[in-house]
Amino acid sequence: MTDAHCDLCDLPLAQCVHGQPPPPPPVAKAPPAPRKRATTTRATAPEKVVVRRWSPPDVFKPLILEVLRDAGGVLDAEDLFLELEIVAEDRLTPGDREAAPGGELRWHGAARRARLALVDEGLMVKDKPGVWQLAGRER
């Protein structure tokens, strides 16, 4: 019975790692095949036409300058809005004529933002409240 034990670890040969055949080498797995995207030929889509509900402030910038130049460079805000509505009538959308959440007409708000941009650009000055005025070089 002594020969049924391993000489190195004194375990029975059936349980001893020294008496077992070496394990088979690990089988290398093939790398996964790369995924192929389904290629579809798209017909060129027609260009998407953007329809705005209301006009952005940039639409009003040249119109404000035009109205102020025609008026001599200075107008009260109320008078400016009356003149601007006449000049911009064909450009105003139905959405422009809606009231914004604050109650002001949307195009009035866009014109006010355009005024601020014109002041930042140095084309208008903001001296008196309620008065829209061109800068000295624009008159």
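**Salt bridges and helix packing in the predicted model**

In this predicted model, the side chains of E85 and R97 form a salt bridge in which the closest N and O atoms lie 3.5 Å apart. E85 belongs to helix α2 (residues 77–88), whereas R97 is placed in the loop between α2 and α3 (106–120), so the pair ties together parts of the chain that are twelve residues apart in sequence. Both partners are partly exposed, E85 with a relative accessibility of 32% and R97 with a relative accessible area of 39%.

The salt bridge between E85 and R97 is set in a chain that contains three helices and three strands, arranged along the sequence in the pattern α-β-α-α-β-β. Of the 139 residues in the chain, 26% are buried, and the accessible surface comes to about 10900 Å², with 56% of that area belonging to carbon and sulfur atoms. Among the contacts with a separation of 6 or more, 49% are accounted for by residues 24 or more positions apart.

The count of salt bridges in the model comes to six. Side chains of opposite charge can pair when their charged atoms come close. Besides the pair of E85 and R97, the set includes a salt bridge between E98 and R106, for which the closest N and O atoms are 3.9 Å apart. E98 is partly exposed at a relative accessible area of 32%, and R106 likewise counts as partly exposed, at 22% relative accessibility; with buried defined as under 20%, the value of 22% for R106 does not fall in the buried class. A further salt bridge joins the side chains of R112 and E104, with an N to O distance of 2.5 Å. Here too the partners are partly exposed, R112 with a relative accessible area of 36% and E104 with a relative accessibility of 30%. Salt bridges that share partners also join R53, E98 and R106 into one network.

The packing of the helices was examined next. The axes of helix α1 (residues 57–70) and α3 come within 8 Å and cross at roughly 70 degrees, a value that makes α1 roughly perpendicular to α3. On the side of α1, the contact is made by P57, F60, K61, I64 and L65, and on the side of α3 by W107, A110, A111, R113, A114, R115, A117 and L118. Divided by class, the contact of α1 with α3 comprises ten nonpolar and three charged residues, with no polar residue.

Helix α2 also packs against α3, at an angle of about 110 degrees and with the two axes 12 Å apart, and this arrangement makes α2 roughly perpendicular to α3. The residues that make the contact are F81, L84 and E85 of α2 together with W107, H108, A111 and R112 of α3. By class, the contact of α2 with α3 divides into four nonpolar, one polar and two charged residues. E85, a member of this contact, is the residue that forms the salt bridge with R97, and R112 of α3, also a member of the contact, is paired with E104. W107 and A111 of α3 are named both in the contact with α1 and in the contact with α2.

Two buried residues outside the helices were considered in addition. S55, which has its place in the segment before α1, is buried with a relative accessible area of 7%. When neighbours within four places in sequence are left aside, S55 is in contact with F60, R91, T93, D96 and A110; of these partners, F60 and A110 also take part in the contact of α1 with α3.

G95 is found in the loop between α2 and α3, the loop that also holds R97, and counts as buried at 6% relative accessibility. Beyond the neighbours within four places in sequence, G95 is in contact with R53, W54 and R106, and two of these partners, R53 and R106, are members of the salt-bridge network that includes E98. The C-alpha atoms of G95 and L105, which are ten residues apart along the chain, are separated by 9.1 Å.

How values were computed. Residues are numbered from 1 along each chain as its sequence is written. This is a predicted model: local features need pLDDT of at least 70, side-chain atom pairs count only at pLDDT 80 or more; totals for chains, interfaces and linings use all residues. Side-chain values use heavy atoms; hydrogens and water are left out. Helices (H or I, at least four residues) and strands (E, at least two) are DSSP runs, numbered from the N terminus. Buried means under 20% relative accessible area, exposed over 50%, partly exposed in between (1.4 Å probe, protein chains only). Contact means heavy atoms within 4.5 Å. Accessible areas come from the Shrake-Rupley method with a 1.4 Å probe; for residues, only the protein chains shown count as cover. A salt bridge is a side-chain nitrogen of Lys or Arg within 4 Å of a carboxyl oxygen of Asp or Glu. Axes are lines fitted to C-alpha atoms, for helices over the stretch in contact, and angles run from 0 to 180 degrees between N-to-C directions. Angles under 35 degrees count as roughly parallel, over 145 as roughly antiparallel, 65 to 115 as roughly perpendicular and the rest as oblique. Ala, Val, Leu, Ile, Met, Phe, Trp, Tyr, Cys and Pro count as nonpolar, Asp, Glu, Lys and Arg as charged, and the others, Gly among them, as polar.
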